[in-house]
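Q: I'd like to learn how to read a structure like this one, feature by feature. Where do we begin?

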Amino acid sequence: MKRLLPLVLMFPLCLEAQNPIINTQFTADPTARVFNGKVYLFPSHDINPPEPQPASIRDNWFVMEDYHVFSSEDLVNWTDHGVIINQKDVPWGNPEAYSMWAPDCIERNGKYYFYFPDLTKEGRGFGIGVAIADKPEGPYKLVKENIKGVNGIDPCVLLASDGNAYLFWGAGRCAKLKDNMIEIEDDTPTETIKFGDREMQFSGINCLKDLPNRQAEGPFVFEYNKNYYLTYPYVKDSTEVLGYAVSKNPMGPYQYKGLIMKEHASGCWTNHHSIINYKGQWYLFYHHNDYSPDMDKRRSVRIEKLYFNPDGTIKEVKPTMRGVGIVNALDKIQVDRFSSSSKDVKSSFVDLEDKFLGWAASLPQKGSYFIFNDVDFSKVNDGYVTINVKADKNTDLVIRENNSKGKIIAQTAVVCITDGQFKRDYTGQWLIVTAPLEYCPKGVTNLCITTNKGGLEVDNIQFKNREKYFSPATNSALNPDNDGFIRRWLLLEPISKPNPSNTVFVDSYLKKEFSEPDYRNLFSEIPFNNKKVKYKDQNLVWHKLDSENYNVKLFRFAEKYQKSVYGVLFSSITVINCDKDIENVRLAVGSNSASSWYLNGEEVLLMSGDRRMVKDDCVSKRITLKKGRNILSGSIINGPGMSDFCVRFIDENGNAVKNFTIE
């Protein structure tokens, strides 16, 4: 689940998220910039009012005391580099104003310039300050004074192709910056505007003059195909939209073109944004009050892809829960921020007292589904999946590829867990359940989460790789390992032999089971890899594998192929090639549970009873490995315990015999 974590400012904090992209704190007014092949995010930081609430803070208003910087290479995993500026650090600002609104940051000549608004100590409205660093994440050194002649909020700096830097702020005002990046040009024009009986002077050009600009703020300007795009929020009806205008000149005049994003359907009053091109794709960063649906002054940053029409106009961007970015299947996936779903699927908060825990998606009935796009399985191999669920009784969860009829990736029943004789009912509680992968997609695919039975809620899921126990055997000959252990085997999927206890594994029982004609017929010829056989009513497959360990972990073998691991009979064959006869050797075996071993069709060792896997636990009589081909086979049976085995040959002195190859 998504947790609200305490900030540790001296260490970067790594976050994984879909929309909203930051899930440990409120973030708003996002300015994104591409520096050094990464995306850096410079948002404002909404917080709840401190207690007791200072008189400087209005009720139900914005509360912002500092700035963080975040970075990402994939737009999914974000690193919080901590606080870069606090209101108490600003020499010219009011240390208790809680008014550190939308910032910006740009790089010029190897330096990073961070621009931010704050209320002045003198109480003369907002000023815009600058802090400078050698790296995007800081540390930043504050310039002692705010930019003279600039009064307002929401700075944005454009490094234009004409070689100049332009500062935009407030309701679309613009002035050229000097080369030092901390002053506007001396010849910047001023304008006197009347507000009732008052007159106020404003520096710069008003780029929004004669454009839709009701309560306009937060300009963001960028260049595309030799045009300058002035994008900005303004109130169209009762809440903000994102509009834009285009010009051939950074300082205008601009021609209004339309909307980038309509009003938020939730009624969130503000929106604020930035637009970047990253690795050939354009993106819109904006905010919404996802984690604070009842209070729209606590916002969170989102991302969507942005596209241009052939004529240079911007296609309208529609908000999504899914957001952008290809998610690594090995990361925690917030599937509750799904891309599409059946009509009956809803998202709701996991915990109304702590909304930063995020959401869960409900699948109310059989056949309900939702689809989460763009999951990368390229790093997943022999794995399993963990799922956070809350379920009704008798519920089956299924994860498929692409859609509700796609290949089954994993499935599991959730609700009750059997513990010995006792059945514990976990109905209505959050559980972490696991399921082995029945199929592993290749590359990037979509996930469909659905239910075959009952209703449930799903929070996060995460795919994981198992420890590697086996690898497919090659066609080249293999030597025993340094200690003489044989690691290449043909293993048959386990035969069901339910046994409640290992105490039944006495010699007479084992001889009867292991010599039963239908069973011995499985060894009448050396099987090939993936050969299908039938034992009574069971359809089984042989697998040619190399063990990664000296002991062959049969329990993991059965688990790998989604077969029963307890109360089963395992069968194994390997082929040994010798250049000459090797006389007076002994077969040395260790096995967890009972086993029987045959060399060239003759039983050479029977290990009965309930055992633990120990190297050289039992050894055979003296035998001869003949020149040429030797067939070694084994049968291992278990009850309620795990199974594995290890096999080697030893000489008269107990030393490993290694002068042969495994076919």
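**Reading the model, one feature at a time**

A: Let's begin with one residue and its neighbours. Leaving aside residues up to four places away in sequence, Arg 322 touches Gln 18, Asn 19, Val 327, Arg 337, Phe 338, Ser 339, Phe 372, Asn 373 and Asp 374. Keep in mind throughout that this is a predicted model.

Q: Where is Arg 322 found, and is Arg 322 buried or exposed?
A: Arg 322 is in the loop between strand S22 (300-306) and strand S23 (327-328). The cut-off for buried is under 20% relative accessible area, so Arg 322, at 5%, counts as buried. For a sense of distance, its C-alpha atom is 22 Å from that of Ala 410, which is 88 residues away along the chain.

Q: Before more residues, how much can I trust the coordinates?
A: Check the confidence values. The mean pLDDT of the protein chain is 92, and 96% of its residues reach 70 or more.

Q: Over which residues does pLDDT stay under 50?
A: One stretch is residues 1-10, where the model has 32 contacts beyond four places in sequence. Another is residues 418-422, with 3 such contacts. The general idea is that predicted coordinates should not be read in detail where pLDDT is low.

Q: How many helices and strands are there in the protein chain?
A: The chain has 3 helices and 48 strands. As for its overall spread, the radius of gyration is 34 Å, well over the 26 Å that the globule rule gives for 663 residues, so the chain is more spread out than a compact globule. Along the principal axes, the C-alpha atoms fill a box of roughly 110 × 50 × 50 Å.

Q: What share of the residues is buried, and what about the surface?
A: Buried residues make up 54% of the 663 in the chain. The chain exposes about 29700 Å², with carbon and sulfur atoms supplying 47% of that area.

Q: How do I read the contacts and charges for the whole chain?
A: For contacts, look at sequence separation. Among those with a separation of 6 or more, 65% are between residues 24 or more positions apart. For charges, there are 81 positive and 83 negative side chains, and the centres of the two sets lie 5 Å apart.

Q: What should I look for in the backbone?
A: Start from the usual case: most residues other than glycine have a negative phi, and most peptide bonds are trans. Then list the departures from it. The bond from Asn 19 to Pro 20 is cis, with omega near -10°, and Pro 20 lies in the loop between strand S1 (13-16) and strand S2 (28-35). Another cis bond runs from Gly 252 to Pro 253, with omega near 5°; Pro 253 is in the loop between strand S18 (240-247) and strand S19 (255-261).

Q: What is the phi of Asp 154, and what is the phi of Asn 530?
A: Asp 154 has a positive phi of about 55°, although it is not a glycine. Its place is the loop between strand S9 (141-142) and strand S10 (156-159), and at 3% relative accessibility Asp 154 counts as buried. Asn 530 also has a positive phi, near 70°. Asn 530 sits in the loop between helix H2 (517-520) and strand S38 (532-535) and is partly exposed, with a relative accessible area of 45%.

Q: Back to neighbours: what does Lys 248 touch?
A: Not counting residues up to four places away in sequence, Lys 248 touches Lys 226, Asn 227 and Tyr 228. Lys 248 is in the loop between S18 and S19, and with a relative accessible area of 62% it is exposed. The C-alpha atoms of Lys 248 and Tyr 229, 19 residues apart along the chain, are separated by 9.0 Å.

Q: Which strand holds Glu 457?
A: Glu 457 lies in strand S35 (residues 456-465) and is partly exposed, at 21% relative accessible area. Beyond four places in sequence, its contacts include Ser 348, Asn 388, Lys 390 and Trp 430. The C-alpha atoms of Glu 457 and Gly 428 are 9.4 Å apart, with their positions 29 residues apart along the chain.

Q: And how far apart in space are Lys 468 and Glu 223?
A: They are 51 Å apart, C-alpha to C-alpha, and 245 residues apart in sequence. Lys 468 lies in the loop between S35 and strand S36 (470-472) and is exposed, with a relative accessible area of 53%.

Notes:
Residues are numbered from 1 along each chain as its sequence is written. This is a predicted model: local features need pLDDT of at least 70, side-chain atom pairs count only at pLDDT 80 or more; totals for chains, interfaces and linings use all residues. Side-chain values use heavy atoms; hydrogens and water are left out. Helices (H or I, at least four residues) and strands (E, at least two) are DSSP runs, numbered from the N terminus. The radius of gyration is taken over C-alpha atoms; the globule rule is 2.2 Å times the number of residues to the power 0.38. Buried means under 20% relative accessible area, exposed over 50%, partly exposed in between (1.4 Å probe, protein chains only). Contact means heavy atoms within 4.5 Å. Accessible areas come from the Shrake-Rupley method with a 1.4 Å probe; for residues, only the protein chains shown count as cover. Lys and Arg count as positive and Asp and Glu as negative; His and the chain ends are not counted. The place of a charge is taken as NZ of Lys, CZ of Arg, CG of Asp or CD of Glu. pLDDT is the predictor's confidence in each residue, from 0 to 100.
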